[in-house]
Amino acid sequence: MTIRMIRLRKCIICLLCLVLAGCGSASEAAAVVSPTPTAVPPTPVPLTADFHTITAAMEEIGGYAAQYDWESISSMFARDVVQDHAASDLEALWKNTAGEEAPSFLSACSSVNDGINAGYALMQCGSSMYYIVCRMNESLEILRLVVEKVQDIPQTEKNDDWEETAVEIGNDPKVAGILTMPAEAAYPFIAVLMPEQLDDAMDESGDDPSFRKDLAHALAERGIASIRYDMRLYEDSSMVLSVDELSLDRVLWRDFASAVHSLEKYPVDAQKGIVYIGHGIGGSFGYSALYHHFEITGGLVLLNAPYGDGTKLMAEYYGLDESVAEEAQAALDEDAESNVPETVGCYPLAWWQDFADAEPLKYTRYVAQPIAIFQGQDDAQTTVDDDYENWKSQKGSNVSMVSYSDTGHDMRDEDGSFDTLAEDISSWLDGEDLEEIVTKREKKKARDKAKATASPTPTARSRS
């Protein structure tokens, strides 16, 4: 047994010597200069684009732009892009938007959603800021580059009754907003003010450039806080380069969810007092908003909101014929395996589906919060006969419906204010009978109008 052990040790020692000798030979061989074999370049492996990789790429692009190194940015484009992207083209693109002054790079961010990779390099040029926005493929090659001016920080206002504060909404790049707080009310109701168009600025709604701003002030004078913000497409129009990229989730719902959840940071009654107030199509989307956001317990206010299913609302929104809406609905009703069209009326079927998914008629029976529907009798867009009367078919015990005479789509009083509307919303939130209040006022208005228009009977006077 001992002899075997000795032999085994000898074998191990011999093996170690051989190994050491081999190592020495390898070292000597390595010192000899030999011809370098021709390297075969590896096949590029596409990166998996995510927030971090896209942001890093945009930091690089922002650094090149700050050095006016358009040649390096040009080399980062994909080979098959349509956009002219020679260094001279990119330099002209920058100068046409921002001017001759060279920019400085501030920061970068990215957006990865719905299969679309977008990066943003924030640049400062003089007193203004700009985004270099790049659409990228999975290999982080540039497919499209645009330059956009960043919206200025909103100017806030203040008086004895209320004060405005600038806020930011959504994921990077964030959109600007304004919180309006009443001066005296402690933990007030707070309204999320939604506009008529999907690309409206924070103050406007449709054709009225100061609708949401003026309504916010009128509500604040009655102790109701509010938040309003730029729609995503207003600040970042390049996020949708074609109609194929339209998505309500991207352009509407994500920022709305952010706005609702942000209210927990402010001294408002976010637990039971969040109210959705929507104008036009923004009002029609309100039922879907309440159904998907249980935090909105204060209620829903519709201001001249069109009635109908999703395809009808979309056709009305884009000014399309009713037959186009019927064609879209028929396509949506087709079996998934059937040969359905990809587009209807120049819009992708997926976009029609988004409107169908958000249509109010799907959710009216499920929304139990208090609802107030306001209608201007002189509104030519959303009419009493076609919309307001149809809303009555959905009217439940939780719904109050009122119409104003001599009031159009903008819901303003004759003097241009929102005094009547704001006062009625305030009374409704306080639990008063809205329909009774408005009925009495309208009757009085009719009597006063009749008296004013009545011609006095002249009194005959005899002369002696």
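This briefing walks through a sheet, several helices, a pocket and two single residues of the structure above. The model is a predicted one, so please read every value below as computed from that prediction. Its four-stranded open sheet follows the order β1-β2-β3-β4, with antiparallel pairing. Helices α2 and α4 lie across strands of this sheet, and the largest pocket holds about 410 Å³ of space.

**The antiparallel sheet**

- Going across the sheet, you meet its strands in the order β1-β2-β3-β4, and the sheet is open.
- The edges are formed by β1 (104–113) and β4 (142–149), each of which pairs on one side only.
- On average, neighbouring strands here are turned by 20 degrees against each other, with direction ignored.
- Nine bridges join β1 and β2 in the antiparallel sense, and one residue to look for is Ser 104, whose bridge partner in β2 is Gln 124.
- Nine bridges also link β2 with β3, again antiparallel; here Gln 124 has Met 129 of β3 as its bridge partner.
- Strand β3 (residues 128–136) and β4 are paired in the antiparallel sense over seven bridges, and Ile 132 has Val 147 in β4 as its bridge partner.
- Strand β2 is mostly covered, with nine of its 10 residues buried.

**Turns between the strands**

- The hairpin of β1 and β2 has two residues between the strands, and Asp 114 takes a positive phi near 55 degrees there.
- The hairpin of β2 and β3 likewise has two residues between its strands, and in this hairpin Gly 126 takes a positive phi near 65 degrees.

**Helices lying across the sheet**

- Helix α2 (residues 51–66) lies across β1, β2 (116–125), β3 and β4, and runs at about 150 degrees to β1.
- Helix α4 (residues 87–98) lies across β2, β3 and β4, at about 20 degrees to β4.

**The largest pocket**

- About 410 Å³ of space lies in the largest pocket, and 22 residues line it.
- If you want to find its centre on screen, look for Val 150, Gln 151, Glu 168, Lys 174 and Glu 235, the lining residues nearest to it.
- The elements that contribute two or more residues to the lining are β3, β4, β5 (162–169), β6 (175–182) and α6 (232–235).
- Strand β5 provides the largest share of that lining, with three residues.

**Helix α10, mostly covered**

- Six of the eight residues in helix α10 (residues 310–317) are buried, leaving the helix mostly covered.
- Those buried residues are Gly 310, Thr 311, Leu 313, Met 314, Ala 315 and Tyr 317.
- They pack against α8 (281–284), α11 (322–333), β12 (347–348) and α12 (349–357).
- Just after α10 comes Gly 319, with a positive phi of about 70 degrees.

**Helix α13, with two sides**

- Asp 387, Tyr 388 and Trp 391 are buried in helix α13 (residues 384–391).
- These three lie on the same side of α13, because they cover an arc of only 80 degrees around its axis.
- Asp 385 and Asp 386 are exposed on the other side of α13.
- The cover over the buried residues of α13 includes α9 (286–292), β10 (299–303), α10, β13 (371–376) and β14 (399–404).

**Ser 427 and Gly 416**

- Ser 427 lies in helix α14 (residues 419–429).
- With a relative accessible area of 8%, Ser 427 falls under the 20% cut-off and therefore counts as buried.
- Once neighbours within four places in sequence are left aside, Ser 427 is in contact with Glu 432 and Ile 437.
- Gly 416 sits in the loop between β14 and α14.
- Gly 416 has a relative accessibility of 31%, so this residue counts as partly exposed; the range for that class runs between the 20% limit for buried and the 50% limit for exposed.
- Gly 416 and Asp 214 are 202 residues apart in sequence, while their C-alpha atoms are 9.6 Å apart in space.

Terms used: Residues numbered from 1 in each chain as written. Predicted model: local features only at pLDDT ≥ 70, side-chain atom pairs only at ≥ 80, totals over all residues. Heavy atoms only, no water. Pairing = 2+ DSSP bridges. Axes fitted to C-alpha atoms, helices over the stretch in contact; angles between N-to-C directions. Contact = heavy atoms within 4.5 Å. Buried < 20%, exposed > 50% of the residue type's maximum accessible area, 1.4 Å probe, protein only. Arc of directions from axis to C-beta. 1 Å grid on protein atoms, 1.4 Å probe; cavity = no way out; pocket = protein on both sides within 12 Å on 5 of 7 lines; lining within 4 Å. Points joined across faces, edges and corners; volume = space filled by probe spheres on them.
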